[in-house]
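Biologist: Hi! I have just opened this model and would love a close look at a single part of it. Could you choose a place to start and take me through it step by step?

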Amino acid sequence: MSEDEGIPCLWMRGGTSKGAYFLDSDLPEDVAARDDLLLRIMGSPDARQIDGIGGADPLTSKVAVLSPPSREDADVDYLFLQVFVDQALVSDAQGCGNILAGVGPAAIERGLVAAAGKETRVRIHMVNTGEVAEALIATPGGRVSYRGEARIDGVPGTHAAVPLKFEGLEGSMCGALLPTGRAVDVIEGVEATLLDLGMPCVVMRAADLGVTGRESREELEGNAALKERVEAIRLAAGPLMGLGDVAEKSVPKMFLVSGPQAGGTLNTRSFIPHRVHATVGVFAAVSVAAAAVMEGTPAASVARLPEGETFVIEHPGGAAEVLLERDAAGAVVRAGTLRTARKLFDGLVFPRVPG
């Protein structure tokens with residue numbers, strides 16, 4: 001199908017993000033050509049993305065590419081691509097747990113996975129990191145249902161629950177849970193935990209950077225001195241984490257943590273990496289929860305640890321629940337969370353004409 005005839009596209013909310021879901025077979029095989037097409041579809045580079053379907057925010061400029069499974073223990077392959085808003089850049093340097101929530105429904109909608117009874121279990125190969133996630137999708141009558149009573153902070157209303165379970169997230173991109181072998185490093189005079197449990201993250205006490213951690217997105221994004229310092233730490237952390245030069249990369253994510261404000265485990269503000277997240281990413285929340293159970297870390301110093309497995313990670317839009325299963329030594333062996341997803345439209349998208 002030519003660009004003039006449109007490209008089949010599912011536009012979906014996954015968790016607290018929105019993105020375009022494509023079949024791999026509907027996109028160019030050449031990576032450069034694919035990325036050029038996605039930039040033109042989203043309307044990048046342009047701060048408003050006025051000539052595309054992107055929402056002028058990193059949380060609404062995302063892409064999921066679905067294809068038949070390349071491994072026997074999965075039902076579908078999922079490649080996540082972050083389309084930058086104001087740069088001509090498409091990155092596969094990370095996964096996305098929020099967009100992941102829409103992969104199961106999208107795979108069934110597109111016929112890659114057959115519905116099986118009232119609920120369909122979908123094993124998703126996350127191509128970016130190599131792990132397999134398991135999602136449970138409501139399929140009464142053999143069709144995806146988005147109606148339900150599940151509620152997540154950052155999304156109005158209620159929807160069908162999408163439970164997600166993960167194993168083997170340690171070192172998804174950095175090769176180890178703690179790439180430096182230490183729970184605490186000091187970078188630019190600031191104590192930080194550099195870790196990767198599904199998402200490379202740098203976790204620091206907000207107070208060590210001169211803020212409370214309770215500020216709004218707008219306040220933090222308007223604090224030029226803070227942003228400059230956070231970016232300096234990020235650029236230094238990249239090589240330490242085995243990520244190399246991260247100046248043009250979307251990882252690591254930068255977390256400022258403080259004590260809980262609403263009865264949760266801890267409070268977060270995250271730079272992703274230059275804009276402040278309206279909520280919190282799934283894998284990032286898992287990583288921050290893991291940092292909280294490590295002795296002597298900045299997260300541990302401000303956290304109120306739960307008695308059970310449910311960690312409540314507070315963020316600007318409310319809170320996200322993370323389930324951590326730990327072995328006798330306290331190491332995280334399995335993680336889970338609950339998300340929701342909804343199909344927003346299904347049709348053809350018409351990219352901007354080149355030039």
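Modeller: Happily! Let's start at Pro252, which is found in the loop between α5 and β12. Please keep in mind that this is a predicted model. The peptide bond that joins Val251 to Pro252 is cis, with an omega of about 0°. Going back along the chain from that loop brings us to helix α5, the part I would like to show you closely.

Helix α5 covers residues 224-240, which makes 17 residues. From its first C-alpha to its last it reaches 25 Å, close to the 24 Å expected at 1.5 Å a residue. Just after α5 comes Gly242, whose phi is positive, at about 80°.

Now, which residues of α5 are buried? They are Leu226, Val230, Glu231, Ile233, Arg234, Ala237 and Gly238. If you look down the axis of α5, these buried residues fall within an arc of 165°, so they line one face of the helix. Some background helps here: an α-helix has 3.6 residues a turn, so residues three or four places apart point the same way. On the other side of α5 you will find Ala224, Ala225 and Glu228, which are exposed.

What do the buried residues of α5 pack against? Their partners include five strands by name: β9 (185-187), β10 (190-196), β11 (200-205), β12 (253-258) and β13 (266-271). Helix α4 (217-221) is another partner of these buried residues.

Two of those partners lead us to further details. Between β9 and β10 there is a loop that holds Glu188. Glu188 has a positive phi of about 55°, although it is not a glycine. With a relative accessibility of 52%, Glu188 counts as exposed; the cut-off for that word is over 50%. The other detail follows β13: Pro273 has its place in the loop between β13 and α6 (282-292). A cis peptide bond joins Ile272 to Pro273, and its omega is about -5°.

For contrast, let me show you a strand. In β4 (residues 76-83), eight of the eight residues are buried. Val76, Tyr78, Phe80 and Gln82 point one way from β4, while Asp77, Leu79, Leu81 and Val83 point the other way, and all of them are buried. Helix α5, as you saw, has exposed residues on the side away from its buried ones.

Strand β4 also has neighbours to pair with. With β3 (residues 62-67), β4 pairs in the antiparallel sense over six bridges; one example is Val63, whose bridge partner in β4 is Leu81. With β6 (residues 119-126), β4 runs parallel, and three bridges join the two. There, Val76 stands opposite Ile124 in β6. With β5 (residues 90-91), β4 pairs in the antiparallel sense over two bridges, and Gln82 has Ser91 as its bridge partner in β5. Six residues lie between β4 and β5, and the two strands form a hairpin.

Before β3 in the chain there is a loop, between α1 (31-42) and β3, where Gln49 is found. Gln49 is a residue other than glycine, yet its phi is near 45°, a positive value. Is Gln49 buried or exposed? At 1% relative accessibility, Gln49 counts as buried. Compare that with Arg143, which is found in the loop between β7 (132-138) and β8 (161-166). Arg143 is exposed, with a relative accessible area of 65%.

Finally, let's step back to the whole chain. The chain has seven helices and 16 strands. Its radius of gyration is 19 Å, close to the 20 Å that the globule rule gives for 355 residues, so the chain is as compact as a globular protein of that length. The C-alpha trace spans about 55 × 50 × 35 Å along its principal axes. Of the 355 residues, 54% count as buried. Among contacts with a separation of 6 or more, residues 24 or more positions apart account for 63%. The accessible surface of the chain comes to about 14,300 Å², and 49% of that belongs to carbon and sulfur atoms.

When you turn the model yourself, try looking down the axis of α5, where the buried residues line one face.

Key: Residues numbered from 1 in each chain as written. Predicted model: local features only at pLDDT ≥ 70, side-chain atom pairs only at ≥ 80, totals over all residues. Heavy atoms only, no water. Helix = DSSP H or I, 4+ residues; strand = E, 2+ residues; numbered from the N terminus. Expected span 1.5 Å × (residues − 1). Buried < 20%, exposed > 50% of the residue type's maximum accessible area, 1.4 Å probe, protein only. Arc of directions from axis to C-beta. Contact = heavy atoms within 4.5 Å. Pairing = 2+ DSSP bridges. Rg over C-alpha atoms; globule rule 2.2 N^0.38 Å. Areas by Shrake-Rupley, 256 points an atom, 1.4 Å probe, with all protein chains shown as cover.
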